[in-house]
Amino acid sequence: MITVTRIGKHLGAHISGVDLSRPVDDDTFAQIAKAFFDNEVAFFRNQKITPEHQVAFTRRFGTLEQHVRKESRLAEHPEILIVSNVLDDKGNAIGSQDAGRFWHSDLSYKKEPSMLSALYALEVPIKDARVLGDTSFASTTAAYDALPEDTKRRISGLKNVHSYRFYRAKNVEAQKQEQASGGRVIQEQVLSEEQLKSVPDVETPLVRTHPVTKRKGLFVNEAHTSHIVGMPPSESEKLLSELYQHIIKPEFVYTHKWQPGDLLMWDNAAVQHKATFDYDLPLRRLMYRTTVRGTAAY
Ligand code: OGA
Ligand code: MN
């Protein structure tokens with residue numbers, strides 16, 4: 001028997017009564033999928049699962065992606081992206097050290113952006129009995145619904161460009177600033193021209209319709225959106241910054257406090273998310289991510 005408990009005002013649910021290290025029957029899977037799409041973010045606690053379990057379970061939602069950042073994939077399991085601040089014995093980062101620095105949805109810069117991502121927490125930083133490294137999620141559907149009618153009319157039909165190159169440039173700049181002010185050292189991963197070519201900029205609707213729930217949501221984010229198509233730059237920047245501020249109003253946000261053994265999934269067509277970097281080595285954080293491919297936004 002599975003139990004679904006809503007946590008946040010507009011999003012976030014705890015699903016209990018499921019052991020993901022065991023086969024999940026079709027009826028249970030259907031209940032999980034429904035809870036997931038209804039709540040936009042859903043998590044299971046105290047799971048003891050291997051990469052094989054995570055891959056097998058999340059694959060039931062669709063095709064798994066292999067991330068363009070090859071160096072951050074788990075050896076033997078290219079569908080798993082390591083998200084971690086941990087270094088190997090040579091001092092090299094074992095995974096992506098600063099995933100989620102800005103509000104974003106995963107792979108939104110792809111023609112077929114991700115539908116679902118799942119993070120499995122192996123190690124979580126704790127200091128003075130407090131868990132660090134929370135992840136926040138904001139419902140872009142609830143944020144859209146709450147917009148004034150004239151804003152809805154104004155943004156209807158607009159397109160925005162999602163760009164991996166834009167993101168890289170922005171992130172490198174932020175890394176430099178962080179280091180200059182005595183912060184963490186992030187190992188910049190150089191992408192080949194070929195890797196970059198595999199993620200060309202995409203022009204996509206600013207308001208998208210969710211492929212399953214049919215709810216409308218705001219499909220713009222500060223990490224990947226370079227500009228609104230056909231709008232003077234200053235006007236585009238102003239509108240984008242208004243929308244970004246609106247989306248992350250507290251009532252649309254659920255912040256997850258991690259426990260080792262959490263498997264948390266979020267709906268990239270409905271929410272944006274952001275990491276909190278309030279920890280550093282020797283406090284370790286280790287997560288495995290699988291990412292399910294979605295369909296082009298419309
Ligand atoms: C991600 C991500 C945030 C975090 O894995 O896609 O954005 O808190 N992670 O690790
Ligand atoms: Mn992410």
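At 63% relative accessibility, glycine 182 counts as exposed, because the threshold for that class is a value over 50%. The structure is a predicted model, and this account moves from its loops to the ligand and back. Glycine 182 belongs to the loop that runs between helix α5 (164-180) and helix α6 (193-197). From its C-alpha atom to that of arginine 130 the distance is 23 Å, with the two positions 52 residues apart in sequence.

A second long-range pair involves serine 21. This residue is placed in the loop between β2 (13-16) and α1 (26-39). Its relative accessible area is 27%, so serine 21 is classed as partly exposed. The C-alpha atom of serine 21 lies 27 Å from that of alanine 99, a residue 78 positions away along the chain. Alanine 99 in turn leads to the ligand, since Ala99 is one of the residues around ligand 1.

Which residues are around ligand 1? They are Val83, Ala99, Gly100, His104, Asp106, Leu119, Thr135, Trp266, His273, Ala275, Arg285 and Arg289. By character, this shell consists of five nonpolar, four polar and three charged residues. The ligand sits in the largest cavity.

Several side chains of the shell approach oxygen atoms of the ligand. In the case of histidine 104, an N or O atom of the side chain is 3.3 Å from an oxygen atom of ligand 1. For aspartate 106 the corresponding distance between a side-chain N or O atom and a ligand oxygen is 3.1 Å. For threonine 135 it is 2.6 Å. Taken on its own, ligand 1 has 290 Å² of accessible area, and the protein covers 99% of it.

Threonine 135 merits a closer look. This residue is found in strand β9, which spans residues 135-139. Is threonine 135 buried or exposed? Its relative accessible area is 5%, and it is therefore buried, the limit for that class being under 20%. Apart from its approach to the ligand, the side chain of threonine 135 makes a polar contact of 2.9 Å with the side chain of tryptophan 258. Another polar contact, of 3.4 Å, links the side chain of threonine 135 to that of arginine 285. Arg285 is itself among the residues around ligand 1.

Leucine 107 follows in the loop between β5 (77-84) and β6 (114-123). Its phi is near 55 degrees, a positive value in a residue other than glycine. With a relative accessibility of 5%, leucine 107 counts as buried. Asparagine 46 also has a positive phi, of about 55 degrees, although it is not a glycine. The loop that holds asparagine 46 lies between β3 (41-44) and α2 (51-59). Here the relative accessible area is 58%, so asparagine 46 is exposed.

Two further loops complete the tour. Where is aspartate 262 located? It lies in the loop between β15 (253-256) and β16 (263-267). Aspartate 262 has a relative accessibility of 0% and therefore counts as buried. Its side chain is joined to the side chain of histidine 256 by a polar contact of 2.9 Å. Proline 282 has its place in the loop between β17 (271-275) and β18 (286-293). The peptide bond that joins leucine 281 to proline 282 is cis, with an omega of about 10 degrees.

Methods:
Residues numbered from 1 in each chain as written. Chains lettered and ligands numbered in written order. Predicted model: local features only at pLDDT ≥ 70, side-chain atom pairs only at ≥ 80, totals over all residues. Heavy atoms only, no water. Near = heavy atom within 4 Å. Polar contact = N/O pair within 3.5 Å; in protein donor to acceptor, adjacent residues only side chain to side chain. Areas by Shrake-Rupley, 256 points an atom, 1.4 Å probe, with all protein chains shown as cover. 1 Å grid on protein atoms, 1.4 Å probe; cavity = no way out; pocket = protein on both sides within 12 Å on 5 of 7 lines; lining within 4 Å. Sits in = over half its atoms within 2 Å of the grid points. Nonpolar A, V, L, I, M, F, W, Y, C, P; charged D, E, K, R; others polar. Helix = DSSP H or I, 4+ residues; strand = E, 2+ residues; numbered from the N terminus. Buried < 20%, exposed > 50% of the residue type's maximum accessible area, 1.4 Å probe, protein only.
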